[in-house]
Amino acid sequence: MNLARTALVVSTAFALLLGGVPAALAAPTPPPEPPRLSGPPELSGPAGAPAPRLSGGSAGDVAPASPAEVPEAPAAGGLAAGGLAGAAAAGAHPTTVEDITEAFEIVNDHRSQARRAPLVYNTALSRNAQQWAETMAGARKESRNPDPWAGAPSGGVRMDQYYGKGVFTGAFEGVDAVEALAHYLLDFYPREGTDQFARDLTHLGIGVSHVATSGSDGPGWETYLTIYYYAYPAGQAVPGTFPTPAQGFVPPVTAPAHTVRGAIGTKYHRLGGAAVLGEPTMSERGGLVHGGVYQQFRKGTRTTTIYWAPGYGAMAVKNYGSIGRKWIGAGREHNFGLPATDERPATGGAYQVFRRDGRSTQVMWSPGTGSRAIKLYGAIGRAWKAAGRERGYGFPVTDEYRYGAEVRQRFSKGYTVHYAAGRTWATR
């Protein structure tokens, strides 16, 4: 996996949960401590990127915790208000079989190094793990599931749970995030008192949820991972069991909804939220020039897009308006650039400024002229500003156009600004 593309901060918690069954079904005496395993190569980012910071902890065997003993966790089963439903809404892109397979292979690689038998994948156990990953994502916080037996096939004698949160900034693939977080949970914790190498473990459940973020460091992701180990008596047939996730993976039935968060979320609510802009029609997406991200909203037939990029802040474009249509028709951020302001009123009209590579273009609108673009960085745009903008020459009636050897632009107060051979002048 190409982790060099990712600046990573992982904050995670880990716990082992023992018991919850009658004493007669208690686990056998633990085997001797397995050999220590070497961790993965040190994670590193690209040149100039902040070094990864890893933190976390581990706990020894404890009795099953009730919700009262872990007040930070949602109610048993993770289905309380703000639990699974809210978590599904927090997901930013779907859990894939590749995500689950990555964690599954890391678990069994660890067991192989410790000379332990591989575990098999179970759909019901993975559904439990997935629901808890989504519950953590909804709360934006890692926490121990107080009832990891809910929905598990009957007959289990023991289970252990690992869970964590990874915070990533920059471009990366979801599988890369799962790889980093799974290695962190299983490699970097002290192994005294832990049970991932116990001989009697048989089945595995895995859940993953990704959440898009946008903050001062730019767009990124949070990844939540749960790994559930279960022990079933030798020879017991457990429904929904497969040798690998590729054979038994069932995508989560709760498709991620579109949520609004970060700087775009702040802007959305400041502009009036759903009452003014409507509901989000997509999750936040990145990959724009200058590290920009965007999210689209619709109310009735009107669509608004909010953009964010470092140095720009969050700005809205009214796709349904004349200025928005002008910007879209010109090629969006590929031509004029990202919005550097919201649409603002001007005497007799309105305007919005866009910027790319340090060059600003102002789109002006008035009822009599429609929307036209002024290149503020160009000679004609500088002459227009020096003359007092729309209070001087007026609103642009045309975009810049060629006339012989000249470049010209006409304005509503009867002025035409000319540029040729390094000279700028105005006629009326």
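1. In this predicted model, the side chains of lysine 318 and glutamate 343 form a salt bridge, with N and O 3.9 Å apart. Lysine 318 belongs to strand E11 (residues 313-318) and glutamate 343 to the loop between strands E12 (338-339) and E13 (344-346), so the bridge ties together parts 25 residues apart in sequence. Lysine 318 is partly exposed at 34% relative accessibility, and glutamate 343 is partly exposed as well, at 27%.

2. Salt bridges with shared partners join Arg140, Lys165 and Glu222 into one network. In the whole structure, the search finds 11 salt bridges. Glutamate 222 and arginine 140 have their closest N and O atoms 2.7 Å apart. That pair links distant parts of the chain: glutamate 222 is in strand E6 (residues 218-231), while arginine 140 is in the loop between helix H3 (123-139) and strand E4 (158-169), 82 residues away. Glutamate 222 is buried, with a relative accessible area of 7%, whereas arginine 140 is partly exposed at 27%.

3. The other bridge of this network to consider runs from lysine 165 to glutamate 222, with closest N and O atoms 3.9 Å apart. Here strand E4, which holds lysine 165, is linked to strand E6, which holds glutamate 222; the two residues are 57 apart. Lysine 165 has 11% relative accessibility and so counts as buried.

4. The largest nonpolar core has 30 residues, of which Tyr307, Leu338, Phe354, Trp384 and Phe411 touch the most other members. Strands E10 (302-309), E14 (349-356), E15 (359-366) and E16 (370-375), with helices H8 (322-329) and H9 (379-386), each supply at least two residues. Strand E14 gives the most, with four residues.

5. Phenylalanine 354 has contacts beyond its neighbours within four places in sequence, including Val317, Ile323, Trp327, Phe336, Leu338 and Val363. Polar residues also appear among its contacts, including Arg359, Ser360 and Thr361. Apart from the largest core lies another, of 24 residues, among them Ile100, Ala103, Leu204 and Val208.

6. The count of aromatic pairs is 11. Tyrosine 294 and tyrosine 307 have ring centres 5.8 Å apart and planes at 25 degrees, so the pair is stacked. Tyrosine 294 lies in strand E9 (residues 293-299) and tyrosine 307 in strand E10, so the pair ties together parts 13 residues apart in sequence. Both tyrosines are buried. Tyr294 and Tyr307 form one aromatic cluster with Trp327, Phe336 and Phe354.

7. For tyrosine 393 and phenylalanine 411, the ring centres are 6.1 Å apart and the planes at 40 degrees, so this pair is tilted. Tyrosine 393 is in the loop between H9 and strand E17 (401-403), and phenylalanine 411 is in the loop between strands E18 (406-410) and E19 (416-420), 18 residues apart. Both residues are buried.

8. Two arginines lie over aromatic rings: the charged end of arginine 355 sits 4.4 Å from the ring centre of tyrosine 312, and arginine 423 lies over the face of tryptophan 425, at 4.1 Å from the ring centre.

9. On confidence, the chain averages a pLDDT of 78, and 73% of the residues score at least 70. Strand E16 has the highest mean, at 97, and strand E2 (residues 53-55) the lowest, at 31. Over residues 1-91 pLDDT stays under 50, although the model has 215 contacts beyond four places in sequence for them. Where pLDDT is low, predicted coordinates should not be read in detail.

Methods: Residues numbered from 1 in each chain as written. Predicted model: local features only at pLDDT ≥ 70, side-chain atom pairs only at ≥ 80, totals over all residues. Heavy atoms only, no water. Salt bridge = Lys/Arg side-chain N within 4 Å of Asp/Glu carboxyl O. Buried < 20%, exposed > 50% of the residue type's maximum accessible area, 1.4 Å probe, protein only. Core = buried A, V, L, I, M, F, W, Y, C linked by side-chain atoms within 4.5 Å. Contact = heavy atoms within 4.5 Å. pLDDT = per-residue confidence, 0-100. Phe/Tyr/Trp six-rings, centres within 6.5 Å; stacked < 30°, edge-to-face > 60°. Lys NZ or Arg CZ within 6 Å of the ring centre and 35° of its normal.
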